[in-house]
Structure formats: structure tokens, C-alpha cells
Amino acid sequence: MSDEKNDGAFKLKYLDPEKVRLFRMGDALRATIEGEMSCLRVVPMRMFPISIRSRYISLRDMKGNELGIIRDPDDLDRDSRKLLEEELQKRYFVPLIRRVRSLREKFGIVEWEVETDRGVKKFLTRSLHDSIEETKTGFIITDMENNRYEVRSYSDLDPRSAAILIKKV
């Protein structure tokens, strides 16, 4: 049975991981919550995509209605957990920046060329300060198309790249 909590403004519905089963039907992720419901197409969303990435996953239907929250995906059965991880990786594709090749600022637009764990990427951001969000150890850069790139730590970068970013950021 799910656990509902009400803080006065809205209800949080935590799903019992023992009753949640995820399946793949073609490209769609399907969820069955034993004794409660079955949804032919669900979209998993991280509630805290930067600060608590591995916990608190909201399952939503295609209209955006929340079915409930999975506190810890590790509590799901192995197959469901694997499918959930695959869907989250697709949804939250965030290349990891390993090296900054160039960083040029022109008229408030910043041109980036970086090497990532997914290859060389070129992207544009508005200003440096408006497009960078600090994390515990590094930061997330959001480009003008709302794609995100991660620098986990300055120490993960080569000395030249770290110097460029420290100077600019």
C-alpha cells in the first residue's frame, strides 16, 4: 500500500516499491502498481535532479499527473530498477565536461567548445553567471537550448581548463 503524506498544501504519495513493476512496451515505459492501477505510459522524473539524483523519483502519466513517488529506486525489483535507470539516463542526458577547448564571450553570448565523455560539443550560453548553477563540488552549465553539461569538480579538469573556468566563473 502506498504511504500518503499531507503537508497542508498538497499530498505526497510514496509508492511501495514491492508493489511497483515497470515494463517496456515498445518505446513506452509501463507501470503497474499492484492493487491500485496500471498506466500504459509513464514518465519518470527526478524530484531533485541536481542535489539528490539517485532518490525521490516521481512517476507521471503522459498528462503530467503524478502517480506517486519512489523514495529509493534501489528498493525496486532488479528488472524494474534497470528499466527506470535506462529511462532516467535518456531523460537526463548530461555530458560530463573533461576539457574546455575554448570559451569566447561576444555581446553577452558565450561560445563554448568542450570535450565531454560523449565527444566534442559546441554550444552557446547567455552570460556565464546566468547559465551556471553550483553543485556541492562543481557546477551544471545550461545552454541556450536547455541542454545541460556537468563539471563535477575542477580537479576533474586538466589545469588549463580549470584555470579558464576559475577565471571566468
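What follows is a chat between a biologist and a modeller about a predicted model, its sheets, its empty spaces and one of its salt bridges.

Biologist: Let's start with the sheet of strands 3, 4 and 5. Which strands stand at its edges?
Modeller: This is an open sheet of three strands, paired antiparallel, and the order is 3-4-5. An edge strand here has a single partner strand, so one of its sides is left without a neighbour in the sheet. That description fits strand 3 (20–25) and strand 5 (37–39).

Biologist: And how much are neighbouring strands of this sheet turned against each other on average?
Modeller: Strands of a sheet pair through backbone hydrogen bonds, either parallel or antiparallel. In the sheet with the order 3-4-5 the pairing is antiparallel. Ignoring direction, the average turn between neighbouring strands is 15°.

Biologist: Which helix packs on that sheet, and what angle does its direction make with that of strand 3?
Modeller: The one packing there is helix 1, which touches both strand 3 and strand 4. Its direction and that of strand 3 make an angle of about 60°.

Biologist: Now the pairing in detail. Which residue of strand 4 stands opposite Arg24?
Modeller: Strand 3 runs antiparallel to strand 4 (residues 28–33), and six bridges join the two. Their hairpin has two residues between the strands, and Gly26 takes a positive phi near 65° in it. Across from Arg24, in strand 4, you'll find Leu29.

Biologist: On to the next hairpin. Which residue takes a positive phi between strand 4 and strand 5, and near what value?
Modeller: Strand 4 and strand 5 are antiparallel too, with three bridges between them. Ile33 stands opposite Met37 of strand 5. Three residues sit between the strands of this hairpin, and the one with a positive phi is Gly35, near 80°.

Biologist: I'm curious about charges. Which residue meets Glu87 in a salt bridge, and how many residues apart are the two?
Modeller: Side chains of opposite charge can pair when their charged atoms come close. The structure holds 14 salt bridges, and in the one with Glu87 the N to O distance is 2.6 Å. The pair links distant parts of the chain, with Glu87 in helix 1 and its partner in strand 3. That partner is Arg24, and the separation is 63 residues.

Biologist: What about the other sheet, with strands 9, 10 and 11: which strands are at its edges?
Modeller: It's an open, antiparallel sheet of three strands in the order 9-10-11. Neighbouring strands in it are turned by 15° against each other on average, direction ignored. One side of each edge strand lacks a neighbour in the sheet because each has a single partner, and the two in question are strand 9 and strand 11 (119–125).

Biologist: Which residue of strand 10 is the bridge partner of Glu105?
Modeller: Eight bridges hold strand 9 (residues 97–106) and strand 10 (residues 109–116) in an antiparallel pair. Their hairpin has two residues between the strands, and Phe107 takes a positive phi near 55° there. The partner of Glu105 is Val110.

Biologist: And in strand 11, which residue stands opposite Glu113?
Modeller: Strand 10 pairs with strand 11 in the antiparallel sense, over seven bridges. Opposite Glu113, in strand 11, is Lys122.

Biologist: Where does the largest share of the lining of the largest pocket come from?
Modeller: That pocket has a volume of about 360 Å³. It has 19 lining residues, with Arg46, Arg53, Glu85, Leu88 and Gln89 nearest its centre. By class the lining splits into 10 charged, seven nonpolar and two polar residues. Its largest share, four residues, comes from helix 1 (residues 78–91).

Biologist: Last one: how much space lies in the largest cavity?
Modeller: Rolling a probe the size of a water molecule over the atoms shows where empty space is left. One cavity of 30 Å³ or more turns up. The largest cavity is lined by Arg46, Pro49, Ile50, Arg53, Tyr92, Val94, Ile140 and Arg148, which makes five nonpolar, three charged and no polar residues. The space inside is about 40 Å³.

How values were computed:
Residues are numbered from 1 along each chain as its sequence is written. This is a predicted model: local features need pLDDT of at least 70, side-chain atom pairs count only at pLDDT 80 or more; totals for chains, interfaces and linings use all residues. Side-chain values use heavy atoms; hydrogens and water are left out. Two strands pair if DSSP finds at least two bridges between them. On a 1 Å grid over the protein atoms alone, a cavity is a set of points where a 1.4 Å probe fits but cannot get out, and a pocket is an open set with protein on both sides within 12 Å along at least five of seven lines; lining residues have an atom within 4 Å of a point. Grid points are joined across faces, edges and corners, and a volume is the space filled by probe spheres set on the points. Ala, Val, Leu, Ile, Met, Phe, Trp, Tyr, Cys and Pro count as nonpolar, Asp, Glu, Lys and Arg as charged, and the others, Gly among them, as polar. Axes are lines fitted to C-alpha atoms, for helices over the stretch in contact, and angles run from 0 to 180 degrees between N-to-C directions. Contact means heavy atoms within 4.5 Å. A salt bridge is a side-chain nitrogen of Lys or Arg within 4 Å of a carboxyl oxygen of Asp or Glu.
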